[in-house]
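Biologist: Thanks for sitting down with me over this one. Could you bring up the model so that we can talk about its surface and its pockets?

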Amino acid sequence: MNSRSFSNPSATRSQFRLSLRAIAAFGLAAAGLMFGGCATGYTPSANMDLFVRTAPVPSLVKHGAELAAAEMQAAQNPGDIALVGAGSSMEPMYLAGTAIVVHPRVS
């Protein structure tokens with residue numbers, strides 16, 4: 001005789017509902033990505049144009065003195081801060097280790 005036993009039918013239904021919720025959430029996220037679009041009109045070329053028009057000319061400094069040079073520049077304007085980049089998300093504009101000065105802008 002072949003018999004099946006289910007340990008906890010309530011737990012099985014709970015797992016099934018959780019799976020359905022996960023599938024529904026994934027479907028909604030995929031639909032949002034596919035059909036959502038972007039309302040800002042962002043294009044990479046427009047972003048590059050903005051960068052070229054507004055970014056200051058970089059200054060080359062001695063290796064190892066990047067942050068010190070950026071901190072000296074930041075000290076000239078109240079509120080400016082010096083940062084050192086890490087990772088590759090801003091390449092090719094800024095390589096890892098590039099020091100930048102951020103000037104807050106109030107709109």
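Biologist: Which residues form a nonpolar patch on the surface?

Modeller: Keep in mind that this is a predicted model. The patch has about 270 Å² of accessible area together. Its members are M48, V52 and M93.

Biologist: Is M48 buried, partly exposed or exposed?

Modeller: M48 is found in helix α2. Buried would require under 20% relative accessible area, and exposed over 50%. M48 has 39% relative accessibility, so this residue counts as partly exposed.

Biologist: Lovely, now to the pockets. Which element gives the largest share of the lining of the largest pocket?

Modeller: That pocket holds about 1,400 Å³ of space and is lined by 36 residues. At least two lining residues come from each of α2 (44-54), α3 (66-74) and β2 (99-102). The largest share, six residues, comes from α2.

Biologist: How many residues of that lining are nonpolar, polar and charged?

Modeller: Nearest the centre of the largest pocket lie P56, Y94, A99, I100 and V101. Across the lining of the largest pocket, the residues divide into four charged, nine polar and 23 nonpolar.

Biologist: And how many charged residues line the second largest pocket?

Modeller: The second largest pocket has a volume of about 150 Å³. Its lining includes L83, V84, M90, Y94 and I100. Eight of the lining residues are nonpolar and four are polar, while the number of charged ones is no charged residues.

Technical notes: Residues are numbered from 1 along each chain as its sequence is written. This is a predicted model: local features need pLDDT of at least 70, side-chain atom pairs count only at pLDDT 80 or more; totals for chains, interfaces and linings use all residues. Side-chain values use heavy atoms; hydrogens and water are left out. On a 1 Å grid over the protein atoms alone, a cavity is a set of points where a 1.4 Å probe fits but cannot get out, and a pocket is an open set with protein on both sides within 12 Å along at least five of seven lines; lining residues have an atom within 4 Å of a point. Grid points are joined across faces, edges and corners, and a volume is the space filled by probe spheres set on the points. Helices (H or I, at least four residues) and strands (E, at least two) are DSSP runs, numbered from the N terminus. Ala, Val, Leu, Ile, Met, Phe, Trp, Tyr, Cys and Pro count as nonpolar, Asp, Glu, Lys and Arg as charged, and the others, Gly among them, as polar. Patches are made of residues with over 30% relative accessible area and no salt bridge: like charges are joined within 9 Å, nonpolar side chains (Val, Leu, Ile, Met, Phe, Trp, Tyr) within 5 Å. Accessible areas come from the Shrake-Rupley method with a 1.4 Å probe; for residues, only the protein chains shown count as cover. A salt bridge is a side-chain nitrogen of Lys or Arg within 4 Å of a carboxyl oxygen of Asp or Glu. Buried means under 20% relative accessible area, exposed over 50%, partly exposed in between (1.4 Å probe, protein chains only).
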